[in-house]
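I pulled this model up to go through it piece by piece. Here are my notes, in the order I looked things up.

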Amino acid sequence: MTNKEFIEELSRRLDKTEKDTASLVRSFTECLSQTLQEDKIVNLQGFGSFEVKKKMERISVNPVTKQRFLVPPKLALAFKPSAVLKEKFKNISSDE
């Protein structure tokens, strides 16, 4: 689903204009991004949680040249689905 399709569907469900819905989605993503940049966890009840995890530096090996190199530390966004969301997907796969 593209962003445009998502906004169209959400505006239909909320009975709002696409312009208002696009503004709402933009505000939500900006708020979510800002909160994650502040190194806080965002929990959405019934959906899941987003958090920024710190990955430590490590040594890796190029399989072709066998040369070792240092992979620098980095931040990675992680999503953990809620039990409710997991259960919905479990039910979908068992229905088929």
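Which residue follows α1, and is its phi positive or negative? D15 comes right after α1, and its phi is positive, near 55°.

**Ground rules.** I am working on a predicted model, where local features need pLDDT of at least 70, side-chain atom pairs count only at pLDDT 80 or more, and totals for chains, interfaces and linings use all residues. Residues are numbered from 1 along each chain as its sequence is written, and side-chain values use heavy atoms, with hydrogens and water left out. For helices and strands I took DSSP runs, numbered from the N terminus: H or I of at least four residues for a helix, E of at least two for a strand.

**Positive phi.** Most residues other than glycine have a negative phi. I noted D15 because it is not a glycine and still has a positive phi of about 55°. I found D15 in the loop between α1 and α2. D15 is exposed, with a relative accessible area of 71%; for these labels, buried means under 20%, exposed over 50%, and partly exposed in between, with a 1.4 Å probe and protein chains only. I also wrote down D39, another residue other than glycine, with phi near 60°. D39 sits in the loop between α2 and β1 and is partly exposed at 46%.

**Helix α1.** I checked the length of α1, residues 3-14. The expected span is 1.5 Å times one less than the number of residues, so twelve residues should cover 16 Å, and the end C-alpha atoms are indeed 16 Å apart.

**α1 against α2.** How far apart are the axes of α1 and α2, and at what angle do the helices pack? I get axes 9 Å apart and an angle of about 115° for α1 and α2 (residues 18-37). The axes are lines fitted to C-alpha atoms over the stretch in contact, and angles run from 0 to 180 degrees between N-to-C directions. That makes the two helices roughly perpendicular, a label that covers 65 to 115 degrees. On the α1 side the contact includes F6, I7, L10 and L14, and on the α2 side it includes A22, L24 and V25; contact means heavy atoms within 4.5 Å.

I then clicked on S11, which is in helix α1. S11 is buried at 7%. Leaving out neighbours within four places in sequence, S11 touches K16, T17, E18 and T21.

**Aromatics.** How many aromatic pairs are there? I count three, with rings of Phe, Tyr and Trp (its six-membered ring) pairing if their centres lie within 6.5 Å; planes under 30 degrees apart are stacked, over 60 edge-to-face, and the rest tilted. F47 and F79 make a tilted pair, 5.3 Å centre to centre with 45° between the planes. F47 is in the loop between β1 and β2 and F79 in strand β5, so this pair ties together parts 32 residues apart in sequence. F47 is partly exposed at 36%, and F79 is partly exposed at 36%. Ring pairs link F47, F50 and F79 into a cluster.

**S49.** This residue is in strand β2 and is buried at 14%. Beyond four places in sequence, S49 contacts I41, V42, N43, A78, F79 and K80.

**Q67.** I found Q67 in the loop between β3 and β4, exposed at 54%. Q67 touches S60, V61 and N62, not counting residues up to four places away. Q67 and K19 are 53 Å apart, C-alpha to C-alpha, and 48 residues apart in sequence.

Notes
Angles under 35 degrees count as roughly parallel, over 145 as roughly antiparallel, 65 to 115 as roughly perpendicular and the rest as oblique.
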